[in-house]
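Student: I'd like a close look at a single part here, followed outwards into what surrounds it. Please keep the cut-offs explicit as you go.

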Amino acid sequence: MPDDAPMTPPPTQDELDLLHYQSRFDRPIPMKAPEFSRDERLRHVLFSRQFSVDMLEDLAGTADMIRDLSKARSGQDFLINLLHHKRAMLYFTQPSTRTFLSFMAACQILGITCNEVRDASTSSETKGETRFDSIRMFSSYFDLIIMRSPVARLAEACAYVMNDLAATGNRSVPIINAGSGADQHPTQALLDIYTLQRSFQFVSPKDSPLGTRYEEIRREHPSLTRGLSHKVYGFCGDIGRGRTVRSLAELLAGYEGVTLAFVAPDHPTLSLGDDLRERLLARGVRIFEVDSLEAPIDGKPLIEQVDALYMTRIQKEHNVAADVESFAKIDFDRYKLNRGLVARMKSYAPILHPFPRDQHFGEIPPEIDADPRAMYFRQARNGMWIRAALLAHVFNVDHQISRFYHEQFGAWKPTGLQRV
Amino acid sequence: MPDDAPMTPPPTQDELDLLHYQSRFDRPIPMKAPEFSRDERLRHVLFSRQFSVDMLEDLAGTADMIRDLSKARSGQDFLINLLHHKRAMLYFTQPSTRTFLSFMAACQILGITCNEVRDASTSSETKGETRFDSIRMFSSYFDLIIMRSPVARLAEACAYVMNDLAATGNRSVPIINAGSGADQHPTQALLDIYTLQRSFQFVSPKDSPLGTRYEEIRREHPSLTRGLSHKVYGFCGDIGRGRTVRSLAELLAGYEGVTLAFVAPDHPTLSLGDDLRERLLARGVRIFEVDSLEAPIDGKPLIEQVDALYMTRIQKEHNVAADVESFAKIDFDRYKLNRGLVARMKSYAPILHPFPRDQHFGEIPPEIDADPRAMYFRQARNGMWIRAALLAHVFNVDHQISRFYHEQFGAWKPTGLQRV
Amino acid sequence: MPDDAPMTPPPTQDELDLLHYQSRFDRPIPMKAPEFSRDERLRHVLFSRQFSVDMLEDLAGTADMIRDLSKARSGQDFLINLLHHKRAMLYFTQPSTRTFLSFMAACQILGITCNEVRDASTSSETKGETRFDSIRMFSSYFDLIIMRSPVARLAEACAYVMNDLAATGNRSVPIINAGSGADQHPTQALLDIYTLQRSFQFVSPKDSPLGTRYEEIRREHPSLTRGLSHKVYGFCGDIGRGRTVRSLAELLAGYEGVTLAFVAPDHPTLSLGDDLRERLLARGVRIFEVDSLEAPIDGKPLIEQVDALYMTRIQKEHNVAADVESFAKIDFDRYKLNRGLVARMKSYAPILHPFPRDQHFGEIPPEIDADPRAMYFRQARNGMWIRAALLAHVFNVDHQISRFYHEQFGAWKPTGLQRV
């Protein structure tokens with residue numbers, strides 16, 4: 001090294017470990033997705049784009065069956081014994097009570113025993129252990145790793161580690177990404193879709209604002225169809241930093257004829273990112289980007305036009321210094337719901353929110369909670385069921401569930417989804 | 001608002017949420033108790049005064065059966081499968097290892113899977129979520145919420161939230177109060193009563209200082225009867241701040257002819273509160289308030305007169321600045337047991353303590369532990385059994401336990417309690 | 001007390017509690033071991049020297065059977081129901097993610113429900129509770145206490161508390177030491193031995209660097225035998241402070257004709273302690289103490305001579321002020337492996353490490369991981385199986401496992417160990 005070379009500390013093994021996978025990271029998702037499947041079945045769940053529309057329908061069907069079976073003791077007993085020999089590690093170094101508890105409950109429904117590491121500082125990492133050594137330790141003791149990390153790409157890297165171990169005849173377990181950096185949160189997208197699937201079947205008063213009154217709604221909205229296609233989806237709030245918005249938008253893009261309308265302040269931090277816009281346009285999605293729920297869409301104010309409205313929290317914990325000043329000029333009240341706005345929405349249009357909502361900001365004040373369009377509490381419970389369905393898929397017991405279900409109920413279809 | 005109005009911050013949604021229930025809080029307990037029951041059965045467990053004497057006898061009977069069944073593998077297998085499809089949330093934002101573990105064990109005896117949130121700062125509350133949103137999230141994933149909070153009335157408020165949800169056709173789960181503010185700790189009172197119930201049956205050498213020697217004791221104490229009625233109960237130490245004292249006293253007041261003797265320094269923080277005194281007097285309880293275990297009761301020193309002695313820890317962690325100076329003048333040694341005092345107690349009189357005891361204060365020095373009257377370790381294990389019985393009651397499986405018990409053992413009565 | 005006596009604070013009850021057992025602590029291990037057994041079976045697991053060579057063989061056999069049974073659903077179902085009525089407390093006031101999770105998984109394999117207390121400050125100890133009161137509380141609620149503590153001798157003291165309770169007819173549960181002070185870590189030694197047992201059977205390609213090629217190896221090394229006797233074991237790194245080194249060395253000393261070679265800097269903190277050296281010599285073990293992997297043993301460099309190599313991490317978190325200066329002169333690079341060194345090792349010699357390894361120090365760089373001699377990841381999973389075997393032993397269900405195993409597989413021997 002020449003004398004005048006700048007002195008930089010050598011990279012840590014943790015940094016080298018991520019660099020090692022850089023060329024694999026850089027590939028487009030469709031190119032790498034096959035590596036995360038095995039026998040037509042997801043092995044590792046990392047990106048929302050791994051879910052095809054067919055798979056989304058299958059998972060929803062499994063979730064519906066689990067939910068129905070859970071209502072009676074015989075079904076509960078069947079479910080609780082399905083995977084009671086499996087042990088999961090929930091490795092959550094980025095806190096999230098809601099996602100954590102939802103996965104815990106999902107595991108417990110199928111009898112999976114849960115273990116957790118939630119604070120990196122209490123783990124062996126303080127003794128100098130690399131993250132990959134930690135992951136490999138977890139894979140020694142447990143049968144599944146559900147992980148949430150502030151480090152972008154870490155879940156993906158861990159999936160490569162597992163695949164490389166499998167390739168050399170070593171023990172390897174599935175990785176499920178429960179939130180990775182600012183990047184991906186595929187199971188949140190899954191529960192959002194599942195909530196929309198149930199709403200737009202119009203078969204249950206709990207899942208659809210107008211319940212089973214589909215024919216009645218059709219008299220007022222003749223072009224309305226069951227299912228997720230041919231609808232207008234509004235997203236409101238922190239579009240730029242909301243990974244749940246990104247993941248859901250990507251999944252909706254797989255349905256026919258959807259329109260996505262993004263309502264956010266005209267600010268680079270908060271509005272639609274260039275990469276997502278490009279990908280959506282490339283897939284033929286119709287996009288609107290506006291700064292108000294009153295902005296016109298096809299000649300009517302957006303709030304009156306959307307078939308579903310996805311509200312979000314302004315993630316102020318991610319504000320950087322430069323944001324504070326520029327945010328001061330924004331009128332954030334435009335990104336909050338109130339009774340007047342809700343009254344103008346379509347009667348059947350569900351309101352979703354990934355939760356938690358912010359009581360100080362007030363994007364959805366509690367006065368909305370009693371409105372039949374408020375679907376955000378229902379959405380949380382949907383998350384538990386669809387995550388249980390995902391675990392059943394990964395562990396290849398979904399067919400067992402289906403078989404038991406039909407033995408119990410014959411040709412009876414799961415409630416909620418009488419798919420069309 | 002006039003220009004000169006004082007600037008106070010607007011109330012938070014959390015504060016508004018509690019205010020919303022203020023008029024319900026303010027009602028007397030007997031008026032609200034029916035709302036916390038369903039079909040003659042407790043739905044939410046909030047106040048010790050919800051337990052009638054009949055219910056206390058029923059719960060003790062269930063606890064005795066669970067305890068007996070736990071001694072053999074067939075009974076264990078029955079119990080562990082009773083509620084294995086249920087998931088509990090232990091939401092303990094006020095720490096208490098002992099109460100927490102006791103509830104965990106109680107759940108596990110019946111097969112209930114436990115989940116926990118113990119640190120409010122790691123939960124979604126840091127992202128601005130209201131406590132009611134958190135509770136509703138828990139009720140989405142779990143079948144029971146056992147909660148302990150520094151916020152007075154919070155458990156009661158959550159029960160109203162659940163009742164209001166049920167009334168509108170939404171999902172709703174039982175709330176069990178495991179300690180709420182300085183206020184109520186109903187399951188501690190339950191285990192105290194259960195310990196006294198077992199002691200005063202004189203059927204087990206483990207539960208009664210003199211075991212089965214009831215007839216022998218009666219020769220010396222001819223007026224002695226089985227059961228909790230017609231007895232003198234001494235309470236010693238931090239009477240003013242001990243919510244366990246308050247809760248137990250309220251329950252004992254339901255029994256016939258009891259005398260309650262409170263031994264505490266003559267200091268407003270530490271002695272009997274006015275509200276409790278009034279309620280006890282209104283129910284016809286005979287009360288003594290003294291500042292020493294040597295004070296005379298019916299002509300004899302209190303220590304020689306009590307049928308049971310309930311010791312407590314001075315809760316110095318709740319001292320306020322003003323207390324420190326005034327406490328300096330108190331001779332706290334008078335509120336500690338020693339061998340000499342115990343030797344003078346009635347031979348059959350159990351010593352209880354809600355635990356933990358304070359090694360630095362020394363209200364019960366370890367030299368007492370081997371005395372047969374020391375019932376405080378037994379008391380802890382009783383807490384686990386009676387909490388399991390309470391869970392069985394809330395989930396309506398107590399009759400199943402009773403049926404299985406009698407199939408196994410015929411007309412044989414549970415050990416401990418051959419009720420009279 | 002004379003006026004001029006020095007003022008020292010009186011001892012706390014916690015300190016008195018430990019002093020109370022001082023005379024029992026001071027006895028040699030063989031004298032006290034019988035107190036920790038019951039009916040020829042370990043009741044409390046405190047010291048590695050409680051394991052005889054026969055017991056080590058038995059435990060390995062049970063571990064092998066558990067492992068084989070875990071491969072099929074019928075075996076899993078059998079195991080998971082074996083002890084599902086038992087509840088364990090993992091009381092880890094000294095952090096160790098790895099040991100903690102390994103015990104969790106071991107419990108779960110047998111169906112034991114786990115509970116944990118990991119932070120003394122959240123427990124009742126902050127309210128003045130003694131450690132013995134805490135332990136007795138745990139024993140009220142749970143059926144087993146697995147404990148790890150920074151306080152030397154605490155696990156042993158707790159075992160005496162339990163024995164004294166049993167002697168007076170009180171409830172008492174087994175204590176398992178998962179690391180106590182700088183002193184003992186018996187289950188780590190157990191898993192190290194189990195890893196060597198499997199390696200030196202030469203029956204599985206996963207457990208032995210050269211797999212089943214025993215006869216082939218024997219052509220080059222004619223004196224080689226199966227099993228742990230007559231071998232040279234190298235230990236490298238922090239010999240002085242490594243309690244895993246101490247515990248393993250003590251167990252190896254029970255085998256015939258072993259040579260132990262300790263490679264450490266010539267520094268009193270890091271090199272072999274006098275007490276251990278004396279005990280090993282007294283048992284007839286041949287010992288080498290050198291400061292380099294290149295030092296000659298029987299005429300060849302140590303690295304080429306060892307039959308197994310046990311690497312360790314320099315425990316810099318235990319450095320005291322005086323160490324820092326004197327350590328500066330040490331060339332620590334001599335205590336790190338690299339590809340060149342590994343290439344010179346015997347082809348069948350396993351490399352072990354108690355883990356975690358230190359990425360910053362680099363005693364085993366990741367480039368070694370793919371070498372067939374690298375047995376340290378396998379070792380971690382072995383720990384789970386052997387701990388499950390230990391639990392089965394303590395709860396007296398190992399014979400049930402053996403019976404079920406032979407019903408399933410007839411005379412088929414467990415994989416891995418066809419003992420000789």
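Tutor: Happy to! Helices (H or I, at least four residues) and strands (E, at least two) are DSSP runs, numbered from the N terminus. The model is predicted, with local features needing pLDDT of at least 70, side-chain atom pairs counting only at pLDDT 80 or more, and totals for chains, interfaces and linings using all residues. Residues are numbered from 1 along each chain as its sequence is written, chains are lettered from A and ligands numbered from 1 in the order in which they are written, and side-chain values use heavy atoms, leaving out hydrogens and water.

Let's take the sheet of chain B. Its 5 strands follow the order β9-β8-β7-β12-β13 in an open sheet with parallel pairing, where two strands pair if DSSP finds at least two bridges between them. At the edges sit β9 (286-290) and β13 (351-352) of chain B, each paired on one side only. Start from the β9 side: β8 (residues 259-263) of chain B is joined to β9(B) by 5 bridges, and V263(B) has V290(B) as its bridge partner there. Against this sheet packs helix α11 (residues 243-252) of chain B, which touches β7 (232-236), β8 and β12 (308-311) of chain B (contact means heavy atoms within 4.5 Å). The direction of α11 makes about 170° with that of β7(B); axes are lines fitted to C-alpha atoms, for helices over the stretch in contact, and angles run from 0 to 180 degrees between N-to-C directions.

Moving across, β7(B) and β12(B) are parallel and share 4 bridges, with Y233(B) opposite A308(B). In a regular strand the side chains alternate between the two faces of the sheet. In β12(B) both faces are covered, as A308(B) and Y310(B) on one side and L309(B) and M311(B) on the other are all buried (under 20% relative accessible area, with exposed over 50% and partly exposed in between, 1.4 Å probe, protein chains only). On its way to the edge, β12(B) is joined to β13(B) by 2 bridges, and Y310(B) is partnered with L352(B).

Beyond β13, the loop leading to α16 (376-394) of chain B holds P356(B), and the peptide bond from F355(B) to P356(B) is cis, with omega near -5°. Two other loops of chain B hold non-glycine residues with positive phi. F202(B), phi near 55°, lies between α9 (186-199) and α10 (214-220) and counts as buried because its relative accessibility is 3%. D298(B), phi about 50°, lies between β10 (296-297) and β11 (300-301) and counts as partly exposed because its relative accessibility is 47%.

Finally, look at the neighbouring chain. Between chain A and chain B, 27 residues of A are in contact with 29 of B, and about 2,600 Å² is buried, 51% of it from carbon and sulfur atoms. Buried area is the accessible area (1.4 Å probe) that two parts lose on being put together, summed over both. L101(A), Q359(A) and F377(A) supply 23% of what chain A buries against chain B, more than any other three residues. The rule finds 2 salt bridges across this interface (a side-chain nitrogen of Lys or Arg within 4 Å of a carboxyl oxygen of Asp or Glu). One of them joins D133(B) and R357(A) at 2.6 Å, N to O.
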